Amino acid sequence: MTTLNINGENHDVDVDPATPLLWVIREQIGLTGTKFGCGIAQCGACTIHLDGSPIRSCVTPVSAAVGMEIRTIEGISSAEAGLHPVQQAWIDEQVPQCGYCQSGQVMSAVALLESNPAPNDSDIDAAMSGNICRCGTYSRIRKGIKRASKVINAAAADREAING
Amino acid sequence: MGKWTRRAFISAGVLAGGVVVFGVAIRPGNRADKVRKMIAGEDDSIFNVWVKISPDNSVTAIVPHAEMGQGVHTTLAMMLADEMDADWQQMKMLEAPANKEYANYALAKGFIAGDVDFPSFLVDTVDGFFLTVMKAMNMQITGGSTSVPTTGQLGMRVAGAATRAVLLEAAANAWSVPASELSARKGEIFHQASSRSAPFAEFALQAAALSLPVKPRLKTPDEYTIMGTDVLRLDVPSKVDGTAEFGIDASLPGMKYAAVKAAPVFGTTVKSVDDSSIQDMPGIRKVVNLGDAVVVIADGYWQAQQALDQLKIEFEQNGSETIEQSDIFRQFAADMDKATVDGEEILDFEQGDAISALSAADRIVEAEYRVPYLSHAPMEPMNCTAWMHDNICELWTGTQNPLGFAAEVADALEMDLANVLLYNAYLGGGFGRRAFPDYTIQAARIAAEVPYPVKLIWSREEDMRHDHYRQASISRFRAALDSNGQPTAWINQYVDKHDPKEAPYIPYAIAHQYIHYAESRTHVPWGFWRSVDHSLHAFFTESFIDELAFEAGRDPYQYRHDLLAGAPRFQKVIDLAAEKANWNATLPENWGRGIAIHKSFGTIVAQVVEIEIVAGRVFPRRTICAVDAGFAMHPDGMKAQMESGIVYGLTAALYSDISIRRGAVAQSNFHDYQMLRMNESPEIETYIINSGEKIGGAGEPGTPAIAPALVNAIFNATGKRIRELPVKMHDLTDLDMGSKDVA
């Protein structure tokens with residue numbers, strides 16, 4: 001039995017430790033927002049966070065995630081806090097088309113903004129080039145990240161003003 | 001209207017373009033009740049299969065098309081809501097069930113195979129009018145960029161307007177006032193003189209008993225309140241938080257997982273399977289030999305795939321194992337030569353006498369182009385969950401043709417179509433791939449072997465190696481130029497024609513034209529690929545016209561502009577693209593600019609591409625797109641489709657190459673079938689012209705002109721003329737920029 005902490009909750013799963021996290025998350029835990037695209041870390045559809053860093057869950061064995069915080073697309077928004085600024089920006093810019101890659105895109109974008117709240121174009125290229133979108137929504141993703149960045153930074157400035 | 005009577009079916013159906021309704025009415029038995037349960041809640045009134053009004057005044061549009069990212073659910077709902085004057089905030093959308101009773105038009109398999117023209121546009125008679133709607137809607141096929149031009153224009157709008165008309169009539173009866181004094185707005189009916197108003201739902205029951213107008217008056221563009229606006233897409237919120245359900249997300253109690261390996265060489269079969277190596281692997285349930293493929297069923301997908309990879313499988317040989325890609329191109333060239341030598345050229349289009357004009361010409365320009373096979377590679381690999389129980393087959397998948405798939409499964413398993421139930425989910429990309437039912441039939445055949453539900457998932461490798469491929473092709477041109485460099489004759493021969501027929505035709509005023517082709521069959525399965533034949537012919541024709549402009553010493557935009565003098569709609573589109581691109585502005589060193597224009601699916605698109613060459617690599621930096629689809633129902637959706645078509649087309653032009661090695665597909669995943677990524681994606685500007693001409697499609701027309709615009713830009717930057725795709729196969733390092741070579 002392996003214990004995994006996913007979106008703040010502990011789950012006991014009985015799987016081969018070599019099983020990629022992707023399949024455990026989808027099949028054992030039943031969180032299907034994380035998608036299978038290629039199985040070889042080439043497309044980014046399966047992107048999740050491991051202790052805050054974006055990783056490709058299709059090539060990450062369960063054994064590598066024990067004791068770490070796993071976050072999936074389902075853990076990005078909450079009933080209390082509402083949508084994450086990245087998700088709201090995705091709606092405002094009408095980013096998704098087929099939508100299949102977008103969980104992974106959102107996860108990569110959230111991780112980028114958490115480590116770099118004001119990314120420039122080359123930061124965005126570096127952080128997002130591991131995520132393929134066959135519908136070609138790249139230009140809207142770029143706009144979405146910039147929009148979310150503004151919202152996040154404005155909120156941070158507000159907090160500072162209140163605290164300061 | 002608690003339940004549908006046969007009479008209600010006929011009246012609602014026939015009069016409102018009641019395609020579906022009509023079909024149900026002529027079927028024996030109690031099918032009607034079954035349909036009612038599928039699309040209506042207990043207290044709903046159904047006018048026809050496109051619209052239902054609930055007691056809470058919400059209006060549900062029932063859309064017979066699959067949502068694969070093109071926003072069609074939203075756009076079709078907009079068209080209906082606008083004509084009906086419904087409240088957009090209370091609009092809902094439901095995808096029509098894949099049910100014979102819902103879509104009761106004899107399913108023509110030949111149609112699916114592509115041998116019937118589609119769409120056959122407006123016919124004037126009432127019968128013809130509705131027949132056209134029936135064909136478009138009842139086939140339930142999403143493809144050919146037809147959803148808005150056909151279903152939307154002929155179905156949703158008519159249904160919305162007719163529904164509005166009977167609602168007003170019912171209100172007029174209830175209030176004892178003339179209907180002409182009533183108006184409708186945002187789901188309510190108003191009578192100004194008596195200051196009365198009431199929601200649609202109040203009159204729904206009475207309206208359902210009235211005769212729907214056969215040809216309701218449709219709004220003119222100045223009356224539109226929803227069409228032509230940028231409403232937010234209905235499907236987007238579920239696609240940012242992981243809740244959107246795709247075919248691969250289906251989940252059933254007791255479900256197992258299947259991985260599959262089909263014979264790598266098309267058309268061969270399984271010779272033997274040795275499963276001794278997987279006997280001790282955990283979670284394995286069953287190995288199934290389907291004859292042309294081997295399947296492992298396990299408790300989890302990863303277990304199934306791991307075991308499958310361990311299996312020792314031998315395949316039969318059928319002679320195709322020796323075929324290499326170069327053999328295929330050699331065969332094409334030989335068949336083209338042979339057609340000419342034997343006098344067996346198949347005529348595609350002829351005007352004037354091109355052969356005589358050519359022999360009398362001052363100057364002849366010749367070129368030959370090639371394109372490779374292409375895979376669709378949607379982000380969601382093929383998958384289907386199937387469960388065979390109680391003599392029924394239930395299927396959960398994503399398909400562009402739900403009813404057709406159900407029919408194919410019924411045929412393959414020799415079942416009654418009524419016992420095959422298919423539930424369509426969101427499609428993680430379609431692009432034509434999900435019009436082919438192979439994966440669904442496979443899932444049904446696997447489910448027939450076991451008592452539990454099985455989710456079949458194709459690995460990416462399986463998806464890439466068992467696609468239905470855009471054809472590889474060769475196209476040869478000869479043109480005559482007069483002393484001013486004007487083309488007087490255009491002769492084009494290519495290999496392997498599919499669809500649409502007009503894909504190789506040119507809009508330019510060239511007096512003498514002869515376009516013909518040769519057949520040259522291969523063992524590689526063919527499939528509709530975004531924009532179908534347009535995807536190759538725009539590359540051929542718009543590259544060659546660029547070559548003629550160069551030979552004539554003319555600017556490639558001006559040359560096209562002048563040759564489009566007799567086609568003012570084209571001319572406006574190319575002029576707009578050139579103007580917005582600032583066509584004559586100087587570019588930095590190692591940059592180039594190219595232009596192309598092509599009409600497909602009723603929509604004219606001009607593209608200008610600006611590229612930069614960095615260390616021999618081509619980076620598209622900026623794309624300017626001008627599009628005339630008659631009228632953009634959802635302008636932001638139109639722009640999104642152009643962006644999508646451009647990236648899809650650029651990806652293919654720069655990188656994509658499915659090649660045959662020892663009879664099988666050599667590529668297997670995104671490492672060797674490369675995709676355009678964020679860092680390579682250009683800025684895209686789209687400019688829309690609402691010309692008022694007949695409505696065209698949006699999902700495909702963005703793709704055809706981008707490849708020629710790209711290679712024309714490379715020529716502009718480097719002087720190197722790329723005549724074979726993809727671009728990546730050409731060495732662009734150490735070019736003497738400005739010289740004019742040919743690749």
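Okay, let's start in a loop: B:Ala377 lies in the stretch between β14 and β15 of chain B. Before I say what caught my eye there, a reminder that this is a predicted model. So, what does phi look like at B:Ala377? It's near 45°, a positive value in a residue that isn't glycine. As a general point, most residues other than glycine have a negative phi. Is B:Ala377 buried or exposed? It counts as buried, because there are 28 C-beta neighbours inside 10 Å, and the cut-off for buried is 20 or more.

Chain A has an alanine to put beside that one. A:Ala41 also has a positive phi, near 60°, and you'll find A:Ala41 in the loop between α1 and β3 (47–50) of chain A. The surroundings of A:Ala41 come out as partly exposed, with 18 other C-beta atoms within 10 Å.

While we're on backbone oddities, let me do the cis peptides. One joins B:Asp499 and B:Pro500, with omega about -10°, and B:Pro500 is in the loop between β20 and β21 of chain B. Another runs from B:Leu725 to B:Pro726, with omega near 0°. B:Pro726 belongs to the loop between β28 (720–721) and β29 (741–742) of chain B.

Right, the sheets of chain B. Take the seven-stranded one: it's open, the pairing is mixed, and the order is β10-β11-β8-β18-β15-β16-β17. The edges are β10 (284–289) and β17 (420–424) of chain B; each has a single partner strand, so one side of each has no neighbour in the sheet. From one strand to the next, the twist averages 20°.

Now look at β18(B). How does β8(B) pair with β18(B), parallel or antiparallel? Parallel, over three bridges. Strand β15 (residues 383–389) of chain B, on the other hand, runs antiparallel to β18(B), joined by four bridges. If you want a residue to click on, try B:Lys455 in β18(B): B:Tyr257 stands opposite B:Lys455, and so does B:Thr385. And β18(B) is covered on both faces, with B:Val454 and B:Leu456 buried on one side and B:Lys455 and B:Ile457 buried on the other. Yes, that buried set includes the lysine.

Moving along to β17(B), strand β16 (residues 392–397) of chain B runs parallel to β17(B) and is joined to it by five bridges. B:Thr397 has B:Asn424 as its bridge partner in β17(B). Helix α12 (residues 402–412) of chain B lies across β16 and β17 of chain B, at about 145° to β17(B). Then there's helix α9 (residues 301–310) of chain B, which lies across β8 (256–262), β10, β11 (293–298) and β18 (454–457) of chain B, at about 30° to β8(B).

On to the five-stranded sheet. Its order is β13-β21-β20-β19-β14 in chain B, open and mixed again. Here the edge strands are β13 (346–351) and β14 (363–371) of chain B, each with a single partner, so each has one side without a neighbour in the sheet. Neighbouring strands in this sheet are turned by 10° against each other on average, ignoring direction.

At the β13(B) end, the pairing with strand β21 (residues 512–518) of chain B is antiparallel, over five bridges, and B:Glu350 stands opposite B:Tyr514 in β21(B). Helix α10 (residues 325–341) of chain B lies across β14, β19 (473–481), β20 (487–495) and β21 of chain B, at about 45° to β19(B). Helix α15 (residues 534–551) of chain B packs on the sheet too, touching β14, β19 and β20 of chain B, and its direction makes about 150° with that of β14(B).

Last stop, chain A. There are five helices and five strands, running β-β-α-β-β-β-α-α-α-α from the N terminus. For 164 residues a compact globule would have a radius of gyration near 15 Å, and chain A's 16 Å agrees with that. As for burial, 55% of the residues of chain A count as buried.

So how many residues does each chain put into the contact? It's 43 from chain A and 51 from chain B. On the chain A side, the elements giving two or more residues are α1 (21–28), α2 (85–92), α3 (102–115), α4 (121–128) and α5 (138–163). That side of chain A has 21 nonpolar, 17 polar and five charged residues. Okay, that's my tour.

Definitions and conventions: Residues numbered from 1 in each chain as written. Chains lettered and ligands numbered in written order. Predicted model: local features only at pLDDT ≥ 70, side-chain atom pairs only at ≥ 80, totals over all residues. Contact = placed C-beta atoms within 7 Å. Nonpolar A, V, L, I, M, F, W, Y, C, P; charged D, E, K, R; others polar. Rg over C-alpha atoms; globule rule 2.2 N^0.38 Å. Buried ≥ 20, exposed ≤ 12 C-beta atoms within 10 Å, placed from the backbone. Pairing = 2+ DSSP bridges. Axes fitted to C-alpha atoms, helices over the stretch in contact; angles between N-to-C directions.
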